Amino acid sequence: MRSPKDTMPRPRSLRLFWCAVIGAGVALSGCSVFKPSVVQRGSLVEADDYNKLKVGETSRSDVMDALGSPTGRATFDDNTWIYVSMTHVLVPISFPQVRKQDVVVLTFDQNGILRNLRSLHKNDARYVTMAAGRTPTPGTKINIMQQILGNVGRYNPLSQMTSTYGGSMGPMNSMNGGPGHGGSGNSLP
C-alpha cells in the first residue's frame with residue numbers, strides 16, 4: 001500500500017527545474033554542431049616565403065624548393081605559375097565565406113629566371129556575374145508540338161530485332177502458318 005506522500009504530486013518548481021536542466025543540456029550538446037569550421041585550401045604560401053624570391057636572380061628550381069609546386073599554370077603560357085591560398089569558413093545552413101585569399105603570380109623568362117612577382121589579395125578580386133539575356137543558337141525555332149510530332153514514327157525498337165526464337169521470324173509466326181507440326185493442329189492420322 002502506498003503512503004499519502006507517494007500519491008501527492010511533486011511541487012511545480014521542481015518539475016520546472018528538471019525541465020530547465022534537460023533543456024540546457026540539449027541546447028549545449030548541439031552547440032558544437034553549429035560551430036563554424038575553418039578550412040584551408042590551396043597552397044599554404046606565406047608572405048615570408050615569397051618575399052625571399054629575387055626578380056632577375058631566382059630560378060624555377062629555387063621557386064620549387066621555396067614554395068613547392070604551383071597550384072596552377074597559365075592556360076597559354078607555361079612560364080606563368082600561380083599559387084593560390086584560401087581560408088574558407090564553413091557555417092552550417094549558409095554559404096561558405098572566404099576569410100582570407102592570397103594569390104601569388106610568378107612569371108619566368110625563356111631561360112627559367114623569375115622576371116615578375118605579383119601578390120594579389122581578397123580585395124583585388126573581381127567578382128564575375130551571370131550575363132543577362134539568352135545565348136543565340138543557330139537553326140530554326142520550333143515549338144514543343146513540332147518537336148513531339150517530328151519524332152513520331154522514327155523510333156521502332158523491334159525494327160532491328162532478328163532472332164530464330166522470337167520476333168517476326170520466330171516459331172510462332174513461321175512460314176508454315178502456326179505453332180508446331182507445320183500448322184496441322186491436333187488432327188489424328
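In this predicted model, D78 pairs up with R73 in a salt bridge, with 3.1 Å between the closest N and O atoms. Neither partner is tucked away: D78 comes out as partly exposed, since its relative accessibility is 48%, and R73 falls in that class too because its relative accessible area is 42%. The salt bridge count for the model is 3, and the pair just described is one of them.

Another salt bridge links K100 and D102, where the closest N and O atoms sit 3.8 Å apart. Here the two ends get different labels. K100 is partly exposed, with a relative accessible area of 42%, while D102 is buried, at 13%. The cut-off for buried is under 20% relative accessible area, so D102 makes it into that class.

R115 and D109 form a salt bridge as well, and their closest N and O atoms are 2.9 Å apart. On the arginine side, R115 is partly exposed at 46% relative accessibility. On the aspartate side, D109 counts as buried, given its 17% relative accessibility.

Stepping back to the overall layout, the protein chain holds 5 helices and 5 strands. Going along the sequence, these elements come in the order α-α-β-α-α-β-β-β-β-α. The chain runs to 189 residues, and 15% of them count as buried. About 16,000 Å² of the protein chain is exposed, with carbon and sulfur atoms supplying 58% of that area. As for how the chain meets itself, take the contacts with a separation of 6 or more: 45% of them are between residues 24 or more positions apart.

Next, the inside. In soluble globular proteins, nonpolar side chains tend to be buried together. In this model the largest nonpolar core is made of 11 residues, namely V45, Y50, L53, V63, L67, W81, Y83, V104, L106, F108 and L114. Helix α4 (60-67) and strands β3 (80-90) and β4 (97-108) are the elements that each put two or more residues into this core. Strand β4 is the top contributor, giving 3 residues.

One member of the core, L106, shows how this part of the chain is put together. Setting aside neighbours within four places in sequence, L106 is in contact with L53, V63, L67, N79, T80, W81, Y83, L114, N116 and L117. Several of those partners turn up in the core list as well, among them L53, V63, L67, W81, Y83 and L114.

Two threonines are worth a look. T58 sits in the loop between α3 and α4, and it is buried, with a relative accessibility of just 8%. Its side chain reaches the backbone nitrogen of K54 at 2.8 Å. Beyond residues within four places in sequence, T58 is in contact with L53, V63, G112, I113 and L114. Of these partners, L53, V63 and L114 also belong to the largest nonpolar core.

T87, for its part, lies in strand β3 and is buried at 12% relative accessibility. A polar contact of 2.9 Å connects the side chain of T87 with that of Q40. Apart from residues up to four places away in sequence, T87 touches V38, V39, Q40, Q97, V98, R99 and K100. The last of these, K100, is also the residue that forms the salt bridge with D102.

E46 offers another link between stretches of chain. It is found in the loop between β1 (37-42) and α3 (47-51), and at 37% relative accessibility it counts as partly exposed. The C-alpha atoms of E46 and S85 are 8.7 Å apart, although 39 residues separate the two along the chain.

Finally, the surface has a nonpolar patch of its own. I144, M145, I148, L149 and V152 make up this patch, and together they have about 530 Å² of accessible area. I148 belongs to helix α5, which covers residues 144-150. With a relative accessibility of 48%, I148 is classed as partly exposed.

Key: Residues are numbered from 1 along each chain as its sequence is written. This is a predicted model: local features need pLDDT of at least 70, side-chain atom pairs count only at pLDDT 80 or more; totals for chains, interfaces and linings use all residues. Side-chain values use heavy atoms; hydrogens and water are left out. Patches are made of residues with over 30% relative accessible area and no salt bridge: like charges are joined within 9 Å, nonpolar side chains (Val, Leu, Ile, Met, Phe, Trp, Tyr) within 5 Å. Accessible areas come from the Shrake-Rupley method with a 1.4 Å probe; for residues, only the protein chains shown count as cover. A salt bridge is a side-chain nitrogen of Lys or Arg within 4 Å of a carboxyl oxygen of Asp or Glu. Helices (H or I, at least four residues) and strands (E, at least two) are DSSP runs, numbered from the N terminus. Buried means under 20% relative accessible area, exposed over 50%, partly exposed in between (1.4 Å probe, protein chains only). A nonpolar core is a set of buried Ala, Val, Leu, Ile, Met, Phe, Trp, Tyr and Cys residues joined through side-chain atoms within 4.5 Å. Contact means heavy atoms within 4.5 Å. A polar contact is a pair of N or O atoms within 3.5 Å; within protein, one must be able to donate a hydrogen and the other to accept it, and residues adjacent in sequence count only if both atoms are side-chain atoms.
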